[in-house]
Amino acid sequence: MLQLRPTCEHCNKALPADSLEARICSYECTFCAACVDDVLQNVCPNCGGGFVSRPIRPSKNWKGENFLGKDPATTKVTHKPVDRAAHSQFSGTIKSIPPHKR
Ligand SMILES: [Zn+2]
Ligand SMILES: [Zn+2]
């Protein structure tokens, strides 16, 4: 199950479970849309993969207890700001490769 982390790993902006700005990589590394575009250039600093919009877990119990009330977002903050110089070196060749070809 997705962890639904509470903030952007780089800038620590709040990303509540219903945020439309949350982006995740396949390992659930979580960043805000602005950081993905401006700082990361769609290259995850931890795995090199691309990002997609984080799905919204339903807040209401529409079916089978599968909702935020039973499976809430994690409160554990992951805040590891990216070193921009190191990231631009890391992402230099990767960013030109589409995520599905990496
Ligand atoms: Zn951010
Ligand atoms: Zn990642």
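What share of the 102 residues in the chain is buried? In this predicted model, buried residues make up 34% of the chain. The C-alpha atoms fill a box of roughly 45 × 25 × 15 Å along the principal axes. The exposed area of the chain is about 6,300 Å². Carbon and sulfur atoms supply 54% of that area. The chain carries 14 positive and 9 negative charges, and the mean positions of the two sets are 4 Å apart.

The chain holds two helices and three strands. From the N terminus, the order of elements is β-β-α-β-α. Contacts between residues at least 6 apart in sequence were also examined. Of these, 57% join residues at least 24 apart.

The three strands form an open sheet. Its order is β2-β1-β3, and the pairing is antiparallel. Strands β2 and β3 stand at the edges, each with a single partner strand, so one side of each has no neighbour in the sheet. Strands of a sheet pair through backbone hydrogen bonds. Between β1 and β2 there are three bridges, and these two strands run antiparallel. I24 stands opposite T30 in β2.

Helix α1 spans residues 33-40. Its buried residues are A33, C35, V36, V39 and L40. What covers them includes two strands, β1 (22-24) and β2 (30-32). Helix α2 (84-94) is also part of that cover. Just after α1, Q41 takes a positive phi of about 55°.

The aromatic rings yield a count of one pair. The partners are F31 and F51. Their ring centres are 5.5 Å apart, and the angle between the planes is 85°. The geometry is edge-to-face, because planes over 60 degrees apart fall in that class. F31 lies in strand β2, whereas F51 lies in the loop between α1 and β3 (52-53). The pair therefore ties together parts that are 20 residues apart in sequence. Both partners count as buried, because their relative accessible areas fall under 20%. The value for F31 is 0%, and that for F51 is 10%.

Strand β2 thus recurs in several of these results. It is an edge strand of the sheet. It is among the elements that cover the buried residues of α1. It also holds F31, one partner of the aromatic pair.

Technical notes:
Residues numbered from 1 in each chain as written. Chains lettered and ligands numbered in written order. Predicted model: local features only at pLDDT ≥ 70, side-chain atom pairs only at ≥ 80, totals over all residues. Heavy atoms only, no water. Buried < 20%, exposed > 50% of the residue type's maximum accessible area, 1.4 Å probe, protein only. Helix = DSSP H or I, 4+ residues; strand = E, 2+ residues; numbered from the N terminus. Contact = heavy atoms within 4.5 Å. Areas by Shrake-Rupley, 256 points an atom, 1.4 Å probe, with all protein chains shown as cover. Lys, Arg positive; Asp, Glu negative; His and termini not counted. Charge placed at Lys NZ, Arg CZ, Asp CG, Glu CD. Phe/Tyr/Trp six-rings, centres within 6.5 Å; stacked < 30°, edge-to-face > 60°. Pairing = 2+ DSSP bridges.
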